[in-house]
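Student: I would like to understand the terms people use when they describe a fold. Could we go through one example together?

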Amino acid sequence: MRDVLHVADAVVATGMTIGNGTFDEILRTCQDRDVPLIVYAQTASAVARHFLGAGVTALSAEPFPFSQFSADRTVLYRYHAQS
């Protein structure tokens with residue numbers, strides 16, 4: 001992860017990074033490097049939303065049932081920091 005973070009032009013992180021303890025490092029590195037951080041989250045979307053404009057550039061949130069569990073259509077919410 002660290003090798004990629006230091007050369008990436010943009011970062012897409014899952015909400016799992018919030019739960020597994022890597023989110024803070026990813027957020028800090030993206031902020032330090034001025035690299036966009038996009039979070040794709042399902043259950044963590046309510047938490048990730050609070051970081052919009054504070055290091056998270058955009059958030060893609062999908063409510064349960066998640067699309068990967070079904071071939072049915074689903075609603076996808078996209079949030080972005082105010083410019």
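Tutor: Gladly! This is a predicted model, and its chain holds four helices and four strands.

Student: What pattern does the chain follow along the sequence?

Tutor: The order is α-β-α-α-β-α-β-β.

Student: Why is Leu37 called buried?

Tutor: Buried means under 20% relative accessible area. Leu37 has a value of 0%, so Leu37 is buried. Its place is in strand E2.

Student: How many of the residues count as buried?

Tutor: Of the 83 residues in the chain, 35% count as buried.

Student: How do you know which residues Leu37 is in contact with?

Tutor: Contact means heavy atoms within 4.5 Å. Leaving aside neighbours within four places in sequence, the partners of Leu37 include Val11, Phe23, Ile26 and Val56. For Val11, the C-alpha atoms of the pair are 4.9 Å apart, although 26 residues separate them in sequence.

Student: What makes a set of residues a nonpolar core?

Tutor: The members must be buried residues of certain kinds, Val, Leu, Ile and Phe among them, joined through side-chain atoms within 4.5 Å. Here the largest such core has 17 residues, and Leu37 is one of those with the most contacts inside it.

Student: Which elements supply at least two residues of this core?

Tutor: Strand E1 (11-14), helix H3 (23-33), strand E2 (37-41) and strand E3 (58-61) each do. H3 gives the most, with four residues.

Student: And what does Val39 touch?

Tutor: Beyond four places in sequence, Val39 is in contact with residues including Ala13, Phe23, Ala48 and Leu59.

Notes. Residues are numbered from 1 along each chain as its sequence is written. This is a predicted model: local features need pLDDT of at least 70, side-chain atom pairs count only at pLDDT 80 or more; totals for chains, interfaces and linings use all residues. Side-chain values use heavy atoms; hydrogens and water are left out. Buried means under 20% relative accessible area, exposed over 50%, partly exposed in between (1.4 Å probe, protein chains only).
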